[in-house]
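Here's a quick tour of a protein chain for anyone just starting out with structures. Have the picture open while you read, and hop around it as the topics change.

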Amino acid sequence: MQANQTLQSWVLEKLETIKESPNILVRDPLGTIPREDRQVGNFAITNGFMPLWATTNLAFRQLYELAKADPSYKKLLLIDQAPVFRNNVVGKKAPPPFYPDFLAQTPIQARLELDLRHFLREITGDSGWPHETNEPRYARLIMLHLDGVVLAYQNLRNIAPGRSAGRFTDQDFKRIVAFAALGVAESAFKKLDARDYWKIGLLGHESFEELEHLAPEVTATIKDELRQAPAPFCWLADHDHETVIRAFYLAVLLNQHLPNWKLVLVHLDSSLIKLTNIDPAVLQEASARLVELDPEQARRDLETLEQSLDQDALQSLLIEHLKLEEPEGFTAVLEKESYSTLLRGLALLLALEQLLVYPPKRDAQPRIYQAVSPDGNQLTTASNKSFVESRASQPWLDLVEVYRLAYRIQAIRVDLNGFIKQLKVSKPEQLTYKLFRDWWNGKQLNRLEYYLSAMERLVYNNNLLMRDENELPIIFQDAVSSLKTKVSEIKQEVNDLLGALNVRFQEMVVRQYPTWVAEDSEVRLTSQFLRRCLKPYWDIETEKAAVFVFDGMRYDIWDELLRPMLEDRLELLEDFPASALLPSETEVSRWAIAAGTEPQQFWPRKAENMHLKEGLTRECGYTGEVVPLVPEGAGTGETVRYRAGNLDYYIFEFCDKALHSMQVKKLDDGSEVPTRPLAYVYEQQIKNLIETEVMAIVRHLDPGTKVFITADHGFGPVARQKLWFDSNDLNDPADCVYLHALLKVPIEQALLPNHVRANIISFTPQQLRMYDHETITKKTGSYYPKYEAVVFPKVGYSFSRNGFPYRPDAYSHGGISIQELMIPMVVMKVKTREKGLLTLDPISGPNEALEGEELVFRLQLHRTTSRTSSRNQKDGEDLAVEVEATCTSLEVGEETEDAQPLNLPRQLLYLSRQEGERPAEVIYRFKPGREQATLSELQHERMKRLLTITISYREGRRTVRKSQSLRFTVQLKSERVIRRVPSSLGSIMGLTPRQK
């Protein structure tokens with residue numbers, strides 16, 4: 001049992017002997033009982049006492065009167081913690097508690113005097129503890145290091161048996177306290193070794209200075225021993241600790257990179273000229289040992305050193321000596337730096353700037369990616385994992401994320417350029433859906449828009465510098481400005497290349513789409529989902545199945561966000577080439593999924609579940625009903641769900657609504673950008689929806705359940721060049737939208753200017769299997785339009801209509817582009833058990849909390865040892881795990897649609913198999929406040945929140961993502977409760993009037 005626990009038990013034992021008393025007085029002038037001690041509070045409540053803490057008379061009197069007026073308590077437990085000196089001082093100091101009336105009701109045997117000397121005498125059985133034990137200057141150190149004091153005392157008895165109990169000298173006492181305070185209690189009364197030097201000199205330097213005033217004779221002896229030690233420990237005897245620490249850590253940093261580090265150290269700080277003679281072997285060993293002994297102190301000391309390097313020092317070190325602006329310079333620093341986030345952060349910034357040059361200079365960049373990226377340097381060992389990894393700051397994590405995005409973007413740009421060159425020389429008959437799909441998905445071209453948006457968002461909005469820019473050499477300020485310029489240039493170039501790709505994609509669609517819809521081809525259309533995807537893989541009688549239809553999910557969302565979350569729970573059976581119907585509208589393509597046929601067959605539309613019933617009956621022989629169900633919980637993002645026997649059919653509104661409300665804004669340079677970046681929609685809305693709502697359903701699917709996933713359409717950017725239609729060619733102005741139009745006349749008869757005719761694509765309704773007539777009912781009556789042509793704008797254009805404002809959204813669908821048409825259509829199956837390198841426990845933490853209370857949530861990660869999961873791993877290798885967490889509102893309603901979730905700091909963990917079965921633990925601490933509450937939550941004084949923790953790691957060549965969620969409620973305070981006499985106010989309010 002630890003001494004602190006023994007002290008608590010000692011106090012409780014004494015209280016137990018007098019718990020039948022009418023009142024109890026505990027005099028505790030040293031504060032051995034903390035006010036937050038729940039054990040004493042629990043004792044009081046259990047035994048019918050009201051506990052009162054007091055240090056001043058005014059505080060006591062107010063609490064005492066309140067206690068007497070409370071009929072629920074008949075007994076009082078008074079803990080008088082007024083310091084001893086206050087009993088002998090009058091005037092400006094607040095008087096101590098004065099309670100003769102309370103003493104009259106408290107038996108003598110119920111009055112406890114607590115002091116450390118009494119406690120130590122009892123637990124050691126030694127009456128030789130001196131009176132100095134209770135002196136505040138010693139008592140404070142003893143209380144802080146109580147375990148060490150007991151250990152050092154045991155050394156006295158074990159090593160010096162001749163000093164029997166009762167022969168306890170003052171020198172012995174001071175040595176016990178000093179060695180305990182320095183953190184080397186186990187070495188008291190022994191000869192100091194190297195480990196002791198590290199603890200005393202580099203970790204206990206603050207305590208050492210205090211001890212020089214308390215026990216100079218003891219510290220003098222320690223200093224004599226330090227003078228005999230090797231550098232840097234010998235310096236501690238005659239130099240102030242801050243200087244020694246600075247010299248030591250500066251030597252550690254420079255020694256990693258420069259053979260002439262001693263000269264550079266003196267150049268950076270000439271005052272350290274006498275503190276450079278360190279053996280490199282000792283330096284390396286001492287730094288590793290130092291970090292091991294006290295990582296937190298090491299972090300603080302390194303941060304202090306980094307802050308001390310001013311602009312001139314950084315210019316000299318980074319540019320003149322480390323050659324950081326040269327590829328070999330920043331690469332070497334990133335590969336070798338094991339301690340300083342400042343050095344490697346600035347090195348990565350310059351590496352990033354050079355990475356964005358096109359064509360990219362790839363010589364050093366793969367080495368850098370391996371050095372800084374968790375999925376590049378995925379497997380590390382305990383021996384090569386550097387301390388700097390544990391010092392990851394938010395600027396560093398953001399900078400790494402920008403670098404990873406830039407690295408991938410540059411690789412994809414190379415492939416995209418290669419594909420465009422191939423398309424330029426390809427004949428029309430050589431353009432196939434498979435060709436585009438292999439490049440678009442196989443080469444990850446589909447990710448470019450998302451990656452660029454995410455990179456742009458970080459570069460423009462986040463601080464990528466480790467320090468204030470005015471404290472850094474000008475080269476780093478210029479690098480940030482250069483990054484912003486290059487990102488804008490890359491974005492424009494990529495948009496042009498994607499436009500060129502879509503020109504050829506449109507040509508392919510024009511040639512081949514009529515055959516896709518007329519007969520079974522390599523491409524599965526959404527209208528063929530039931531027949532060509534669901535039916536062949538589902539036994540309607542014996543198998544459970546789930547269909548997930550995601551409204552507006554294009555392929556990059558599937559590849560980047562959804563599939564990595566599913567693959568740990570589901571195994572992939574088939575991934576079909578699939579396309580949305582033309583036009584790629586929800587009422588056309590999504591209803592076709594349920595109906596299992598083209599619009600000309602199911603138009604006019606009915607309720608979606610009725611179409612699904614007809615489709616299942618026709619394709620699968622299903623004879624039951626399709627019943628609409630209410631989504632469980634909040635149902636956020638879920639439009640509707642149906643049940644048809646063994647089949648559950650889920651429809652999720654992924655981002656369609658968010659995209660339709662996203663406009664563009666014009667920047668100062670004249671360029672137009674979406675009001676919300678694409679990355680914001682993905683990361684703040686879609687990703688959270690997947691991690692919470694979608695995965696909540698997936699986790700409850702039974703093993704063996706077949707899971708079918710598809711989307712009705714994707715979406716793409718809307719071009720800003722307008723094409724006008726004559727109103728005489730339209731049945732109704734509403735028949736013309738930005739990306740397609742229904743004409744009432746054949747295209748040959750349309751009143752189209754030459755430039756319009758040259759930039760549109762036309763089909764007949766029969767070619768698309770679209771309806772060619774319908775009944776429209778309005779307040780003015782019904783009319784029966786017929787359609788002779790369905791037209792789409794070519795790349796770079798969008799449609800407008802006379803008499804209506806032209807304000808296209810930033811993104812939309814309904815046209816012909818690879819982003820809109822190419823959709824996932826996959827078959828998966830629920831695994832018999834969760835597999836993978838990691839398993840997650842449920843999040844542990846409070847389900848209810850008060851406003852302002854710090855909440856602590858923990859998630860334990862277990863690394864599996866199965867043969868399957870370790871196929872790509874080696875014993876002793878560490879697994880890099882990235883952790884993200886968000887806290888979102890569970891409120892449902894329009895006012896919360898735009899509410900931003902609370903994004904908690906990202907973390908990076910390394911899980912070692914050498915730790916055996918001991919799990920790793922993710923810990924998040926934060927205080928939810930009313931500033932995050934919605935108006936409804938403020939009115940109801942309750943915030944309902946969902947905490948989601950997501951981990952991602954590499955397993956082989958794929959990225960695996962897993963998440964756990966926990967719902968909790970925060971009770972908002974209806975009024976601010978102010979303590980009548982806070983502990984910090986007693987010394988002020990208890991002042992006596994000044995004597996005149």
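Helices (H or I, at least four residues) and strands (E, at least two) are runs picked out by DSSP and numbered from the N terminus. With that in hand, proline 583 is easy to place: it sits in the loop between strand S9 (578-579) and helix H26 (586-595). Keep in mind that this is a predicted model.

**The whole chain**

- The protein chain has 35 helices and 35 strands.
- Of its 996 residues, 54% count as buried.
- Take the contacts between residues at least 6 apart in sequence: 76% of them join residues at least 24 apart.
- The accessible surface of the chain adds up to about 44700 Å², and carbon and sulfur atoms account for 49% of that.

**Nonpolar cores**

- Which residues have the most contacts inside the largest nonpolar core? They're Phe548 and Ile709, in a core of 257 residues.
- Helix H23 (residues 474-518) gives the most to this core, chipping in 16 residues.
- Leaving aside residues up to four places away in sequence, isoleucine 709 touches Phe548, Phe550, Met553, Trp558, Leu562, Leu566, Pro824, Met825, Val826 and Met828.
- Apart from this core lies another one, made of 32 residues, and Leu838, Val922, Ile951 and Val970 are among them.

**A three-strand sheet**

- One open sheet has three strands in the order S28-S30-S33, with antiparallel pairing.
- At its edges are strand S28 (838-840) and strand S33 (920-926), and each of these pairs on one side only.
- Ignoring direction, neighbouring strands of this sheet are turned by 25° against each other on average.
- S28 and strand S30 (residues 855-863) run antiparallel and are joined by three bridges.
- To see where they line up, find threonine 839: it stands opposite histidine 862 in S30.
- Leu838, where S28 begins, also belongs to the 32-residue core.

**Strand S35 and its partners**

- Strand S34 (residues 942-955) and S35 run antiparallel, with 14 bridges joining them.
- Two spots to look for here: threonine 950 has serine 963 as its bridge partner in S35, and isoleucine 949 stands opposite glutamine 964 in S35.
- Is S34 mostly covered or mostly uncovered? It's mostly covered, as 11 of its 14 residues are buried.
- S35 (residues 958-971) is also joined to strand S29 (residues 848-850), this time by three bridges, and these two run parallel.
- For this pair, look for glutamate 848, whose bridge partner in S35 is threonine 969.

**A helix to look at**

- Helix H15 (residues 295-308) is 14 residues long and reaches 20 Å from its first C-alpha to its last.
- That's close to the 20 Å expected at 1.5 Å a residue.
- Which residues of H15 are buried? The list is Gln297, Ala298, Arg299, Asp301, Leu302, Leu305 and Glu306.

**Backbone oddities**

- Some background first: most residues other than glycine have a negative phi, and most peptide bonds are trans.
- The peptide bond from leucine 582 to proline 583 is cis, with omega near -10°.
- The peptide bond from tryptophan 603 to proline 604 is cis too, with omega near 0°.
- Proline 604 turns up in the loop between helix H27 (599-602) and helix H28 (608-620).
- Glutamine 444 isn't a glycine, yet its phi is positive, near 65°.
- You'll find glutamine 444 in the loop between helix H21 (433-442) and helix H22 (448-461).
- Why does glutamine 444 count as partly exposed? Its relative accessible area is 31%, and partly exposed covers whatever falls between under 20% (buried) and over 50% (exposed).
- Arginine 769 isn't a glycine either, and its phi is positive at about 60°.
- Arginine 769 lies in the loop between helix H32 (765-768) and strand S21 (776-778).
- Arginine 769 counts as partly exposed because its relative accessibility is 24%.

How values were computed:
Residues are numbered from 1 along each chain as its sequence is written. This is a predicted model: local features need pLDDT of at least 70, side-chain atom pairs count only at pLDDT 80 or more; totals for chains, interfaces and linings use all residues. Side-chain values use heavy atoms; hydrogens and water are left out. Buried means under 20% relative accessible area, exposed over 50%, partly exposed in between (1.4 Å probe, protein chains only). Contact means heavy atoms within 4.5 Å. Accessible areas come from the Shrake-Rupley method with a 1.4 Å probe; for residues, only the protein chains shown count as cover. Two strands pair if DSSP finds at least two bridges between them. Axes are lines fitted to C-alpha atoms, for helices over the stretch in contact, and angles run from 0 to 180 degrees between N-to-C directions. A nonpolar core is a set of buried Ala, Val, Leu, Ile, Met, Phe, Trp, Tyr and Cys residues joined through side-chain atoms within 4.5 Å. The expected span of a helix is 1.5 Å times one less than its number of residues.
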